[in-house]
Structures are given as structure tokens and as C-alpha cells.
Amino acid sequence: MKGLTAGFILSFITLFSLSASDPYLSLTLDINYSALGFATMMKPYAEDKLVIPQGYDEIREEAIQLLLEDARWIFSGMIYGFTFRYVPGNSEETFDEVFELTPVSQIHKGDPAMKVQQVLDDTQFLMVLFHYWPDDYQNRRIRISQGGGFQSSAAVGGVPMMLEDARTLSLKEAVKQALRSDLRAVIFNRPLEVTGSVYLSGPPVISIRAGEYTSRVKILYRREDLKTFPANY
């Protein structure tokens, strides 16, 4: 923890092999209380819906809930993956870029297969080690992305830290940028629409830089449909 400074959040994830000895996924996430408190206080106040945490106990409780949602989203992205739809934009032709990322399925809140194995809390940082035990069906889902036919990519994405669900939004933005940059490299003519499947693979990293939550992700993706403009367009 000593190497981390206030205002900076770093999150690590490790995927262990699903063997008889270690039949689980392992994920360690941490969060900086000072940065979280600042982000919460700076969110715009609207319709009496925002409750600003007061004191260490309330900020800690919010931090725990955020890490639980991070873990649920990341584990789901590794096990089930997502479908995506990407429509490249073109300002000259007034086409707006469209990107949709839809979970195939998600781990339910309170799923007993996701357990907190260790918590480290020094009043400045909260670090939580999560384990998740996939069942037979989930193991088969994991093997889909490991069975070939998928391309790899990586990228960074960021969103303002004051946005609602900013940490998850930054992960989604990073997935978008990873797909966008790779598709631009492999599709030489601008397509009308690309759809496919994508999984998280490797260690996402969440940090705060210049007032943004920034996520770095690695993905495996597969194009399933490519629509192009008509020949006489």
C-alpha cells in the first residue's frame, strides 16, 4: 500500500487455472477512500436523490458496495462475456458512432459462489480479495473464449469520476476502445455495422487520472456479422 498515493486507485485481477486444486477465479480490487469521498461530494446534486456519505463508516460502506459491483461485472465478463454492436461514425456524413455492449448473463447479487476471502483496510485504502467458484455450465462458458477463433486486443478508456457508476462505465469505455482500434486495423473499408462477442481476458486496471476513472482492459473478441454499405452507395 505504501507505493499508492491519495487520489489514485489501482485494481488488479488474476485468473487462476480452473484445475482440481484451484477450481476458482481470483480477483483483488482496491480503492482509495480519499478519492472516493472527493468524487462523491463533487457529483451534481439533483432531485434530492444524492446522499453524500458522512464520515469514514459511510464512505467505507460505499467503497465495499462499489468493489462488489466491480467484482460481479468483471467475473461476469470473464465467464459469460458480452455481445457488441458497433456502428462507426462519420462527421462528414453526419453518422453518429454507436456502441452497444450487452452482457450475455450476469452473476446475481448475493451469489454464494462469490466469496470475500480477505479484506485489508488501513483507513486510507480498502483492498478486497474475491474468489468465485464457477459451476459446470460456467466452466463451459469460460472455455468458449479459450477455444480459438477469437482475436485479442487491449485499450484504455476513461470517464469523469463524478458520473453515476463511473467505474463500470470506464471499463465499458475501455472495451469499446479496444474493439474500435482493432476493428479499424483489420477492416480497411468503413463498415456499416459490426456485431460479435467479447470476453474480458487478463488484468483490468482501474485508476484515477485528471478527474477521470481510467480502466485498462484486455479482451478476446469475435466478429459474427459485418454489414457493409451498398456497392452503389
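Contact here means heavy atoms within 4.5 Å of each other. With that in hand, a good place to start is Ser197, a residue of strand β8 (residues 193-200); strands (E, at least two residues) and helices (H or I, at least four) are DSSP runs, numbered from the N terminus. Neighbours within four places in sequence aside, Ser197 is in contact with Phe82, Phe84, Phe150, Leu220, Tyr221, Arg222 and Glu224. With a relative accessibility of 12%, Ser197 counts as buried, a word that stands for under 20% relative accessible area, while exposed stands for over 50% and partly exposed for what lies in between (1.4 Å probe, protein chains only). The side chains of Ser197 and Glu224 are also joined by a polar contact of 2.5 Å. Such a contact is a pair of N or O atoms within 3.5 Å; within protein, one must be able to donate a hydrogen and the other to accept it, and residues adjacent in sequence count only if both atoms are side-chain atoms.

A word on the source of these values is useful here. The model is predicted, so local features need pLDDT of at least 70 and side-chain atom pairs count only at pLDDT 80 or more, whereas totals for chains, interfaces and linings use all residues. Residues are numbered from 1 along each chain as its sequence is written, and side-chain values use heavy atoms, with hydrogens and water left out.

The aromatic rings come next. A pair of aromatic rings is described by the distance of the centres and the angle of the planes. Rings of Phe, Tyr and Trp (its six-membered ring) pair if their centres lie within 6.5 Å; planes under 30 degrees apart count as stacked, over 60 as edge-to-face and the rest as tilted. Four aromatic pairs are present in the structure. In one of them, Tyr24 and Trp133 have a distance of 5.3 Å centre to centre and an angle of 45 degrees between the planes, a tilted arrangement. This pair links distant parts of the chain, 109 residues apart: Tyr24 sits in the loop between β1 (12-14) and β2 (25-32), and Trp133 in the loop between β6 (125-132) and α3 (136-145). Tyr24 is buried, at a relative accessible area of 14%, whereas Trp133 is partly exposed, at 31%. A further tilted pair is made by Phe75 and Tyr132, with ring centres 5.7 Å apart and planes at 35 degrees. Here too distant parts of the chain are linked, since Phe75 belongs to helix α2 (residues 55-79) and Tyr132 to strand β6, 57 residues apart. Phe75 is buried, at 0% relative accessibility, and so is Tyr132, with a relative accessible area of 1%.

Phe75 has another role in the picture. A nonpolar core is a set of buried Ala, Val, Leu, Ile, Met, Phe, Trp, Tyr and Cys residues joined through side-chain atoms within 4.5 Å. The largest such core has 48 residues, and among these Phe75 and Ile219 touch the most other members. Helix α2 gives the most to this core, with nine residues. The 25 residues of α2 reach 37 Å from the first C-alpha to the last, close to the 36 Å expected at 1.5 Å a residue; the expected span is 1.5 Å times one less than the number of residues. Just after α2, Gly81 takes a positive phi of about 75 degrees.

The strands can be followed through their partners. Two strands pair if DSSP finds at least two bridges between them. β2 and β6 run antiparallel and are joined by eight bridges, with Leu29 having Val128 of β6 as its bridge partner. β2 is mostly covered, as seven of its eight residues are buried. On β6, seven antiparallel bridges also lead to strand β5 (residues 114-121), where Asp121 has Leu126 as its bridge partner. The hairpin of β5 and β6 has three residues between the strands, and Thr123 takes a positive phi near 70 degrees there.

A second hairpin is found in β9 (residues 205-209), where four of the five residues are buried. Five bridges join β9 to strand β10 (residues 212-227) in the antiparallel sense, and Ile206 stands opposite Ser215 in β10. In this hairpin, with two residues between the strands, Ala210 takes a positive phi near 50 degrees. Ala210 is exposed, with a relative accessible area of 85%.
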